[in-house]
Amino acid sequence: MPAAVSGRLLTRNINMASSHQHQQPPRASSRALPVINIGRLGDNDPAARALVVQDIARACRDRGCFQVINHGVSKSVMNGALEAASEFFDMSTEHKEAFASDDIRGPIRYDTSARDGISKCRSFLKHYANPLQDWVKFWPKQPASYRKKMGMYAVEIQRLSVQLTGAIMQGLGLGPMYLQEKLGAGLQFMALNNYPQGSSQAGDTVGLAPHSDYGFITILMQSSPGLEVMHHDDDAWTPVPAIPGALHVHLGDHMEVLSNGRLRSLLHRAILNTDEARISIASLHGVAIDEKVSCAEELVDERHPKLYRESSFHDFLDFLPTNVNTYRRFVETLKFDRA
Ligand code: OGA
Ligand code: NI
């Protein structure tokens, strides 16, 4: 079954499983995705900050994702990370396979196969990054600049993730400091993805099948277009344009849990780019590996009963081997049965 079809079925299942049916006709997926200038998020002027927070809150609610510009991560740091990733993937198979591992709990893992059920046509390197001094020792020593370039990017993206989650928490009415410390000291998990050029005759070829990400938010940089998103009431895939200098942000399963369903995690996939090979770097952000996340008590009341059971990143890792080729969002398995 082509992944596009399975993605649509999946979305329909998700909608059917939700507590209300959508009466409105499906929204056109061609609506432009929001691009938000976050330059004034760090502003001392609370009114200027509030406007940005409002834009972010709306984007999270309506689309589950947005792109940010004026985010403070320099072009040279961004390009450095893409170069480091590209140089790593250009190295010999032997060098890369030194990082191959069956242990999904390992600190670093390289793979080219579809064993995970969602990698259709990609190779990837995954590793942790925060705090950098704990994890960098597991990273590749070659290419020689890898640790420096990827490390600079990881630190900047971690900083940005704390700033953005603060804004999202404020938008939820929980206040900008809600979970800041736990997220600041929390998990940063990076996935470097390498996709071959697609054939223009073959039509859309899926590199990475539909899924939602673990954690609160993912910040993603792509070297060229290929990422596609489908929010819960969309009925088709929307391509995410590769805007030079912008970073794409989307919501993960734990944001859905924390917000008690006010926000939803975003279904997304990657298709092969028919013009060129493509690299993306996804950085997933959450609380510590063993920390349980539950619905914020402030967002639970008689009209909004608790929708999800608590879970940790470890629970997610236990779920992964059970989800091969089923494309369920982890968060679906956390829903209380209220039938
Ligand atoms: C991921 C992911 C999308 C892409 O790594 O989780 O969704 O564009 N990547 O590579
Ligand atoms: Ni993803």
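Which residue just after α6 takes a positive phi? In this predicted model, the residue in question is Gly-173, whose phi is about 85 degrees. The helix that precedes Gly-173, α6, comprises 26 residues and spans 37 Å between its first and last C-alpha atoms, a value close to the 38 Å expected at 1.5 Å a residue.

Helix α6, which covers residues 146-171, is also the element that gives the most to the largest nonpolar core, with ten residues. That core has 81 residues, and those with the most contacts inside it are Ile-56, Met-150, Tyr-153, Leu-164, Leu-247 and Ile-281. When neighbours within four places in sequence are left aside, Met-150 is in contact with Ala-81, Ala-84, Ala-85, His-127, Trp-139, Met-190, Leu-192 and Ile-281. Apart from this core lies another, of eight residues, which includes Tyr-195, Leu-208, Leu-272 and Tyr-327. In soluble globular proteins, nonpolar side chains tend to be buried together.

Aromatic pairing was examined next. The structure holds 16 aromatic pairs. In one of them, formed by Phe-319 and Phe-330, the ring centres are 5.2 Å apart and the planes meet at 50 degrees, so the pair is classed as tilted. Because Phe-319 belongs to helix α9 (residues 313-319) whereas Phe-330 belongs to the segment after α9, the pair ties together parts that are eleven residues apart in sequence. Phe-319 counts as buried at 8% relative accessibility, and Phe-330 is likewise buried, with a relative accessible area of 4%. Both residues belong to a cluster in which ring pairs link Tyr-128, Trp-135, Phe-138, Phe-189, Tyr-214, Phe-313, Phe-316, Phe-319 and Phe-330. A further arrangement involving an aromatic ring is found at Phe-124, over whose face Lys-126 lies, at 4.6 Å from the ring centre.

Several backbone features fall in loops. The peptide bond that leads from Asn-130 to Pro-131 is cis, with omega near -5 degrees, and Pro-131 is located in the loop between β4 (123-128) and α5 (132-135). A cis peptide bond also joins Gln-142 to Pro-143, where omega is near 0 degrees; Pro-143 is situated in the loop between α5 and α6. Positive phi values occur at residues that are not glycines as well. Leu-179, with a phi of about 65 degrees, is placed in the loop between α6 and α7 (180-184), and its relative accessible area of 21% makes this residue partly exposed, given that buried means under 20%. Asn-260, with a phi of about 55 degrees, sits in the loop between α8 (253-258) and β11 (267-271) and counts as buried at 5% relative accessibility.

The nickel ion (ligand 2) has as its protein donors His-211 through NE2, Asp-213 through OD and His-268 through NE2, which lie 2.1 to 2.2 Å from the ion. Along the chain, these donors follow the spacing H-x1-D-x54-H. Of the donor residues, His-211 counts as buried at 13% relative accessibility, and Asp-213 is buried with a relative accessible area of 7%.

Two further buried positions illustrate contacts between parts of the chain that are separated in sequence. Ser-123 is part of strand β4 and counts as buried at 9% relative accessibility. With neighbours within four places in sequence set aside, the contacts of Ser-123 are with Phe-89, Tyr-110, Asp-111, Thr-112, Leu-192, Asn-193 and Asn-194; Leu-192 is also among the residues in contact with Met-150. Val-293, by contrast, is found in a loop, the one between β12 (278-286) and α9, and is buried, with a relative accessible area of 4%. Although Val-293 and Arg-309 are 16 residues apart along the chain, their C-alpha atoms are separated by 8.6 Å. Arg-309 is also one of the residues that Val-293 touches when residues up to four places away in sequence are not counted, the others being Phe-216, His-254, Val-257, Val-287, Glu-310 and Ser-311.

Conventions. Residues numbered from 1 in each chain as written. Chains lettered and ligands numbered in written order. Predicted model: local features only at pLDDT ≥ 70, side-chain atom pairs only at ≥ 80, totals over all residues. Heavy atoms only, no water. Core = buried A, V, L, I, M, F, W, Y, C linked by side-chain atoms within 4.5 Å. Buried < 20%, exposed > 50% of the residue type's maximum accessible area, 1.4 Å probe, protein only. Helix = DSSP H or I, 4+ residues; strand = E, 2+ residues; numbered from the N terminus. Contact = heavy atoms within 4.5 Å. Expected span 1.5 Å × (residues − 1). Phe/Tyr/Trp six-rings, centres within 6.5 Å; stacked < 30°, edge-to-face > 60°. Lys NZ or Arg CZ within 6 Å of the ring centre and 35° of its normal. Donors = N, O, S within 2.8 Å, 3.2 Å for Na, K, Ca; no water.
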